[in-house]
Each structure stands twice: as structure tokens, then as C-alpha cells.
Amino acid sequence: MSEPEVATKAPESDAAEGTTSPPSLVPGDTPAQSGASLGEHCVTDRPSPLGGSSGEITKLGEVDTYISKPADYPHAPSKLLFLLTGATGIHSKNNQIQADNFAREGFLVVMPDMFENDPLPGSVTYTEEKDPSVIEQIKMRAVDTIKSFTIDMWLARQTPEKVLPILHKVIEAAKDEFADAVANGGGIYSVGYCFGGRMTLLLAGEKPDTVAWGQQVKDEEAGVVKSGPFIKAGAIAHATSVAREDFEGTKSPLLFVCVENDQLFAEDVREHGEKYLNENGVASEFKTYSGVPHGFGVVGEYEDTKIKVAQAEAFDQMLAWLKQY
């Protein structure tokens, strides 16, 4: 059986195909299209906006989880929202602020540590080198090579087989701990950024039930036993590592915020997903933003006004989609 076609390419494949990456959109940044297996904006926090986060990290289903609640909860009804992050994880200030932004809109936000205290090494520290010397440029290229290897090794550890059982534990605990919010929304909602985008897609599907993900559990009379979807609706921004097979069995309405010419979510994989969802009657919407880097949807400061505007627009679009369902 051939390997699934995934919307991700390592730098070696770019070199082999003779591709040329577009210039960086932000001074000092590596463009997502020439990054390793994740874009620069997925693996390193941008400078954070002023102010801190307002939620707290606690245990939910024995998993460290950042929880952000609306100011008037539980006196006013709320809906439960999963926020699944990119490689920077739950200790990223930007991810926490992103969760707080949804909480201000009336969602009780649950952001689980799906990496089990194993975010990408060094991912929450942003550094910017302006006008580096030739020697510094050589050093930076060497660092980029090491970073590429580190990202690939990290991604190899973060498989659906490892991550999904963690998410299922938090889902079950959330149903008990925040039963009122789950009932008020008629289920659990999810937003996913970068790596978390793929997890949101998988949670939106009806898949073969598993003891370990990928190992089908069969019932002699009923055949293959399936479970899911686990979310009512989802919104996904600049997903990474998505395979064509991930769309199979999708039932929940999904919004996709995409980046133009995004090698991390290749056009053919996106088109396959759009066609599959349409043919199977699954409510979906795809919007592509141009002139923005992969990862732009997560809170973080940019000098380029166009990126700032797109970031705010993407948030409003995702919020409107969730409220629609």
C-alpha cells in the first residue's frame, strides 16, 4: 500500500524538484513554503500583543489543559470549544490569547496539551535577525538545517495514534466537567490551527473504531465498528500534514482558512477535500488568503497591515462559521 499523499514536503523534495520559494512576507521570517515540514509561523511565536492571557492551565481528563471562560460564565449560557494548536502548544502566550479571544465571544474554550508536554523544542521563543553579516547568515543556514531535522523528528512523534487518544480523554472529561456548555451547544465545537487543523478534521469524521488508531475493531455480525464524529462543527486555519484519506467519513460542517500557494496544504489535497465534502453533502467552505504567510491566523504582531487585516478577517470568519452551527 502506497504512502498517503500529504500536504507537506520537506526541503529535500523542493531541491529535488527544482522549485523556487517565494520571498518572505515578513522581514526576518522563513516563508512557510520553504520551511521544513511546518511553516515558520507554526513553529515559532510571533511577538505577542500587549497584555497577558486570562485563562488557566489545569488538569482535564488527567491532561494539562488551558481553559478560558467567558466573563459571565456560568451565569450566562456558553458553548464548549476545543482549540487545537500548532507546534507551539498550550504554553504559547499567543495561543492562550487566541483562546481568550474566543472566550470573549461566548465560548468556553478548552485547549488541551495534545503533545503531552512535548511541544516543538524552542517553539515559543521568537527571534529576529536584522541585516545579518555573512558569517551570521552561514550560521543561520546551519541552524535552519538543524531546525528542519528537529521538526521532522518531532512530527514523527506526533501521530494520530498518539494524539487522538489524548484528545478523546479530554473530550470525555469535558462532557462531564462542562456538561452545561456541551448541552447548550448541542455538542463540542473545534478550531484547529496548523497541526491542530488536521486533528480537527479527524475529529469531524466517522472513522473505524480503534483500540489503537489505525487498527480496525471488527464485530462478527456488524462488521467494522465506527465511531464519531466527535465535534458538531469545526473551523480549520492553514492545516498541515493533511492526507487525502483524512477526509474520508467526514460528517461535521467544516470551514477551511487557506493560504495561497501553501505547500503545507497542497492545492491537489485541498481540491480533493473540497470535492469529497461536496459530493458527500457535508457543509463546507474554503477561503484562500493571498499575500499572507502560513500561520497568519494565530495571534501575533506583524508590521504588514495586509497581514493584520487578514488575521482579523480570518478570526471573524471562523467565529461566524461556529456561531452558524
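Which strands does helix α5 lie across, and at about what angle does this helix run to β3? In this predicted model, helix α5, made of residues 160–177, lies across β1, β2 (63–68), β3 (79–84) and β4 (107–112), and its direction is at about 160° to that of β3.

To place these strands, it helps to look at the sheet as a whole, which is an open one built from 8 strands in the order β1-β2-β4-β3-β5-β10-β11-β12, with mixed pairing. Because β1 (56–60) and β12 (284–289) stand at the edges and each has a single partner strand, one side of each is left without a neighbour in the sheet. On average, and with direction ignored, neighbouring strands of this sheet are turned by 20° against each other.

Towards the β12 edge, strand β11, which covers residues 254–259, runs parallel to β12 and is joined to it by 6 bridges, and phenylalanine 256 stands opposite phenylalanine 286 in β12. Here helix α8 (residues 267–279) packs on the sheet, where it touches β11 and β12, and its direction makes about 155° with that of β12.

We can now turn to the nonpolar residues. The largest nonpolar core has 47 residues, of which Leu80, Leu167, Phe178, Met199, Phe247 and Phe256 touch the most other members, and helix α5 supplies the largest share of this core, with 8 residues. If neighbours within four places in sequence are left aside, leucine 80 is in contact with Leu108, Val110, Ala174, Phe178, Ala181, Val182, Gly187, Ile188 and Tyr189. Apart from this core lies another, of 32 residues, which includes Ile90, Phe102, Tyr193 and Ala233.

Note on methods:
Residues numbered from 1 in each chain as written. Predicted model: local features only at pLDDT ≥ 70, side-chain atom pairs only at ≥ 80, totals over all residues. Heavy atoms only, no water. Pairing = 2+ DSSP bridges. Helix = DSSP H or I, 4+ residues; strand = E, 2+ residues; numbered from the N terminus. Axes fitted to C-alpha atoms, helices over the stretch in contact; angles between N-to-C directions. Contact = heavy atoms within 4.5 Å. Core = buried A, V, L, I, M, F, W, Y, C linked by side-chain atoms within 4.5 Å. Buried < 20%, exposed > 50% of the residue type's maximum accessible area, 1.4 Å probe, protein only.
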